Amino acid sequence: MFVVRANDSRFNNLSDLVKVSVAATDSNSFDGWIIALGELLLQNLDPKKMFSGITYTGYGIPDVASMVLNKQVDVGILKTCDLEQFERDGTIAKGALRVLNPKNDSSISCRVSTDLYPDVVFASLPKADSNLVKTVSVGLLTMEQTRGGDSWGFASDFTPVSSLYRSLEIGPYEYLKETGFTGFAKRYRHYLYGLAALLILILLYTASVRRIVSLRTRDLTIALKEKDKAEKEARESRENLFQLEKAGVVSELSAMFAHEAHQPIASLINYADGLKLYLKGKSEDPLVQEALSEISTQADRLSKIIQRVRTYAKRQHHEVKKENLSEIIDRALVSFRRSSISTGVDVEVKAPVTANLLADALELELLIVNLLKNAAAACRDSQDKIINVQLSEATNEWMLSVSDHGQVISDKLLSQLSHPTKSLSGGLGLGLSICRLIAESHGGKLTFKPNTPKGLVVTLHLPKVNEEN
């Protein structure tokens, strides 16, 4: 325990024992010095830096208590119950010394300022006679208690003692005092062994991974070269096929239109001329005049369509000029509603008033009509017969989306949409391939994606007109 003079007000806690003189019996005394140092460590105090001077009495005179009372030292280290024994014997006056850092421990009647450890220990050597060991053990255990209440018992747990020596780096743990690499290696040798084993495993794993990566990289390099070669060949094949397909489709359609449209146009013109002769000199009938005007308009429009398809077959460039895409959409809706496939189909349009671009108005009108007819055909058997047309604006382009709520679009069907399609009943029969050609001739493109929850969304991307030019 730590003791100071009772009237010395400088010391109230162990932390006050800085740069003071101390007295103890012996540097190797477990209960008279080592336990006290352990208590300082428990309170995060460094015993090596606490005291300005240390005096060891060597169990001689003057003793520790006398040196403290005579002010030869500031603090003294006594064994547990020594203070009570001195007071009972009258060696020192009762209350002359005060216990510093007192602790309450019901297992002992003496005052203490440190944790309790096993006191005097009797042990037998491995070769000691067993009968003698038994006789001594029985004698010790049957001894009466001392006046201070001490008695002999079994000490089965010396872990606190071992921990104390370890923390102070003394006794069997003296090697912990070693500094430098040797001390560090001895102190943490088990951890170093584990670290070395871990490093070896990491090196082996790294070498294995590098070998696998090297093999995989080589295989991947070969595969990528083969893939690039195959993609190049496929791209060239697709380009050749597309050119042939485009030329074949356009030529076939131009021939079909030229042949099929010849008779209707001639009939329309003959009917118009006949009616004019019939009505010559008679009072004008508004209904008849309207019919004649519509016949002439449709005949002229059909003639322009045929002429335009023939320009594709001849690979002639079409003329473009500044047009309003919103107006082209309106004209396409009028043409769509005149067809029988539009019966029962509602078209919802969202478009700005002005959407300027450079285009051939007739070609874009034909493209939009074809998209509307395809959408109407797709939702023919659907309960939701609504076509949504939306024209939106991006940074450098117009995006015209035509969406329906027809059948669920599979990935296979989505990939086939760019191929020539079968003519729709009552429609123009141009097909999405011709629509794609018209879009590309205007510097745009067609994109396709499934609608939610079903149906298809076809988006026409067209570049904006440069207003500065």
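A disulfide is a pair of cysteine sulfur atoms within 2.5 Å. Keep that cut-off in mind, because we start with a pair that meets it. One more thing first: this is a predicted model.

So, the disulfide. The structure holds one. C81 and C110 form the link, with their sulfurs 1.9 Å apart. The angle about the S-S bond is 105°, and the link is right-handed. Where do C81 and C110 lie? C81 is in the loop between β4 (75–77) and α4 (82–89), and C110 is in the loop between β5 (97–100) and α5 (130–141), so the bond ties together parts 29 residues apart in sequence. Both C81 and C110 are buried. Two other cysteines for comparison. C379 is buried, at 0% relative accessibility. C435 is buried as well, at 1%.

Now step back to the whole chain. It has 13 helices and 12 strands. There are 469 residues, and 33% of them count as buried. The exposed area is about 29,800 Å², with carbon and sulfur atoms supplying 54% of it. Take the contacts with a separation of 6 or more: 71% of them are between residues 24 or more positions apart.

Next, charges. Side chains of opposite charge can pair when their charged atoms come close. How many salt bridges does the whole structure hold? A search finds 11. I will show three of them, then a network.

Start in helix α8, residues 189–279. K227 and E231 both sit there, four residues apart, about one turn of the helix. Their side chains meet in a salt bridge at 2.4 Å, N to O. K227 is partly exposed, with 42% relative accessible area. E231 is partly exposed too, at 35%.

The second bridge joins two helices. R331 pairs with E365, and their closest N and O atoms are 3.9 Å apart. R331 belongs to α10 and E365 to α11 (residues 361–378), so this pair ties together parts 34 residues apart in sequence. Are the two partners buried or exposed? R331 counts as partly exposed, at 34%. E365 is buried, at 9%.

The third bridge is E393 with K464, at 2.5 Å, N to O. E393 lies in strand β9 (residues 386–393) and K464 in the segment after β12 (456–463), so parts 71 residues apart in sequence are tied together. E393 is exposed, at 54% relative accessibility. K464 is partly exposed, at 26%. And the network: R5, D8, R10 and D74 are joined by salt bridges that share partners.

Back to α10, the helix that holds R331. It runs from 325 to 337, 13 residues. From first C-alpha to last it reaches 18 Å, close to the 18 Å expected at 1.5 Å a residue. What caps its N-terminal end? N324 does: a side-chain oxygen lies 3.1 Å from the backbone nitrogen of S326. Buried residues in α10 include L325, I328, I329, L333 and F336.

Two last stops. T25 is in the loop between β2 (20–24) and α1 (30–42). At 17% relative accessibility, T25 counts as buried, because the cut-off is under 20%. Leaving out residues up to four places away in sequence, T25 touches G32, Y56, T57, G58, Y59 and V64.

Then R166, in helix α6 (residues 159–168). R166 is partly exposed, at 45%. G38 is 128 residues from R166 in sequence, yet their C-alphas are 10.0 Å apart in space.

Definitions and conventions:
Residues are numbered from 1 along each chain as its sequence is written. This is a predicted model: local features need pLDDT of at least 70, side-chain atom pairs count only at pLDDT 80 or more; totals for chains, interfaces and linings use all residues. Side-chain values use heavy atoms; hydrogens and water are left out. The expected span of a helix is 1.5 Å times one less than its number of residues. Buried means under 20% relative accessible area, exposed over 50%, partly exposed in between (1.4 Å probe, protein chains only). A polar contact is a pair of N or O atoms within 3.5 Å; within protein, one must be able to donate a hydrogen and the other to accept it, and residues adjacent in sequence count only if both atoms are side-chain atoms. Contact means heavy atoms within 4.5 Å. Accessible areas come from the Shrake-Rupley method with a 1.4 Å probe; for residues, only the protein chains shown count as cover. A salt bridge is a side-chain nitrogen of Lys or Arg within 4 Å of a carboxyl oxygen of Asp or Glu.
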